[in-house]
Amino acid sequence: MIFNKDNKGNEELRRLTGNYYASNDFNKISQDIILAEEELIKIVGTAVYDRAKAFYDMTSDAQEAHEDKVINAALLERVQMPIAIYATFMMYRKNDISHESSGRKFKIDVESERLPWQWQLERDDEIQLESYYRSIDRLIDWMDENKLPEWINTDTKKAMSKQLIKSATLFNQYYPIDRSSRFFVMISPFVREVERKYIRPALGKELYEKYTGLATDPPLTEVEIELKEWIYPAIPLLAMSIAFRRMPLALIPYGVVRNYSSQTHTMNSSNPASIDDIFDISRDLEKQGMAAIGEFKNERAGKDILFPLLPNNDPKNKYMKV
């Protein structure tokens with residue numbers, strides 16, 4: 001566990017969340033912290049967590065003397081924050097009702113307390129989850145900016161580096177996702193599926209590898225660079241079409257989902273879109289994505305580009321393409 005050093009777990013949680021009482025019994029939240037740590041590890045990998053944990057376990061003197069103390073301290077704080085937010089959120093939800101030997105009970109001081117309305121509880125859940133997701137975005141963005149080896153070398157990041165669309169920033173240009181790096185990591189398998197099924201056949205193997213950076217010889221021509229912008233919009237549209245069919249709406253950034261509330265409810269309604277609404281959205285996105293591929297093909301045809309049926313091999317090279 002990456003909390004409760006020197007029995008100061010409550011102080012750490014309050015510093016990171018801003019709303020946790022320092023007088024709480026830390027033992028009551030320890031299980032939630034373990035679960036929150038496991039959830040974060042699924043996203044960023046074990047190596048990232050282990051590096052933060054190793055620095056956390058050092059004595060203050062050892063931390064101060066460490067050659068990477070600045071970057072390790074920054075990593076530790078960014079790893080702890082989403083864990084703290086999610087753990088306290090889970091604990092708060094469990095504490096709405098007490099669990100006793102005689103059954104579940106609801107306790108309230110009728111003179112000084114009032115039970116929140118259901119919409120207030122749902123709104124608070126949204127706020128807490130949004131804070132949690134933003135804290136993960138902050139961690140991933142920082143690791144990308146600093147090229148943290150433990151993150152760059154994960155299977156997740158290696159797979160993303162081979163995609164045509166490699167970042168949340170680029171994805172967000174063609175389909176707004178609140179610039180969420182967390183969501184982009186989760187949707188990346190759909191991005192690769194789209195590129196494998198639709199984009200690579202449309203581009204051809206050689207051009208696709210040049211666009212993704214897997215091949216650099218020969219370099220991109222001016223016309224190929226221009227055409228690249230025509231294929232980009234299709235990928236986020238088709239990836240989001242898959243996401244709406246396969247992912248729980250709770251995992252999609254709230255700002256994206258809110259735009260798709262059921263037509264029978266207001267924009268701010270807590271009721272999610274119906275199954276029919278979701279599939280209508282998915283089908284519409286799929287049509288837009290396929291139309292974008294069609295526009296790319298028309299633009300390519302208009303450029304009168306003749307793509308070679310066979311690769312150009314040079315006898316001087318120590319390799320050949322087939």
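Lys5 is partly exposed in this predicted model, with a relative accessibility of 23%. That value falls in the middle class because buried means under 20% and exposed means over 50%. Lys5 lies in the segment before helix H1, which covers residues 9–17. Leaving aside residues up to four places away in sequence, Lys5 touches Glu12, Tyr56, Asp57, Met58, Thr59 and Gln63. One of these, Thr59, is 54 residues from Lys5 in sequence, yet the two C-alpha atoms are 9.9 Å apart in space. Another, Tyr56, has its ring under the charged end of Lys5, which sits over the ring at 5.4 Å from its centre.

A second charge over a ring involves Arg182 and Tyr133. Here the charged end of Arg182 is 3.7 Å from the centre of the Tyr133 ring. Tyr133 also belongs to an aromatic cluster, together with Tyr86, Phe89 and Tyr132.

Which aromatic pairs does Tyr86 form within this cluster? The model has five aromatic pairs in total. One of them joins Tyr86 to Phe89; this pair is tilted, with 6.3 Å between the ring centres and 35° between the planes. Both residues are in helix H5, which spans residues 69–94, and because they are three residues apart there, about one helical turn separates them. Phe89 has a relative accessible area of 5%, so this residue counts as buried.

Tyr86 also pairs with Tyr132, and this pair is stacked: the centres are 4.5 Å apart and the planes differ by 15°. The pair links distant parts of the chain, since Tyr86 is in helix H5 while Tyr132 is in helix H6 (residues 118–146), 46 residues away. Tyr132 is buried because its relative accessibility is 7%, and the limit for buried is under 20%.

The last topic is the packing of two helices. Two packed helices are described by the angle between their axes and by the distance between those axes. For helix H10 (residues 181–203) and helix H13 (residues 234–246), the angle is about 115° and the axes are 8 Å apart. The crossing of H10 past H13 is right-handed. On the H10 side, the residues in contact include Phe183, Ile187, Phe190 and Tyr198, and on the H13 side they include Ile235, Leu238, Met240 and Arg246. What classes of residue make up the contact of H10 with H13? There are 14 nonpolar residues and three charged ones, with no polar residues.

How values were computed:
Residues are numbered from 1 along each chain as its sequence is written. This is a predicted model: local features need pLDDT of at least 70, side-chain atom pairs count only at pLDDT 80 or more; totals for chains, interfaces and linings use all residues. Side-chain values use heavy atoms; hydrogens and water are left out. Axes are lines fitted to C-alpha atoms, for helices over the stretch in contact, and angles run from 0 to 180 degrees between N-to-C directions. Helices (H or I, at least four residues) and strands (E, at least two) are DSSP runs, numbered from the N terminus. A crossing is left-handed if the near helix is turned anticlockwise from the far one by less than a right angle, and right-handed if clockwise. Contact means heavy atoms within 4.5 Å. Ala, Val, Leu, Ile, Met, Phe, Trp, Tyr, Cys and Pro count as nonpolar, Asp, Glu, Lys and Arg as charged, and the others, Gly among them, as polar. Rings of Phe, Tyr and Trp (its six-membered ring) pair if their centres lie within 6.5 Å; planes under 30 degrees apart count as stacked, over 60 as edge-to-face and the rest as tilted. Buried means under 20% relative accessible area, exposed over 50%, partly exposed in between (1.4 Å probe, protein chains only). A charge sits over a ring if NZ of Lys or CZ of Arg is within 6 Å of the ring centre and within 35 degrees of the ring normal.
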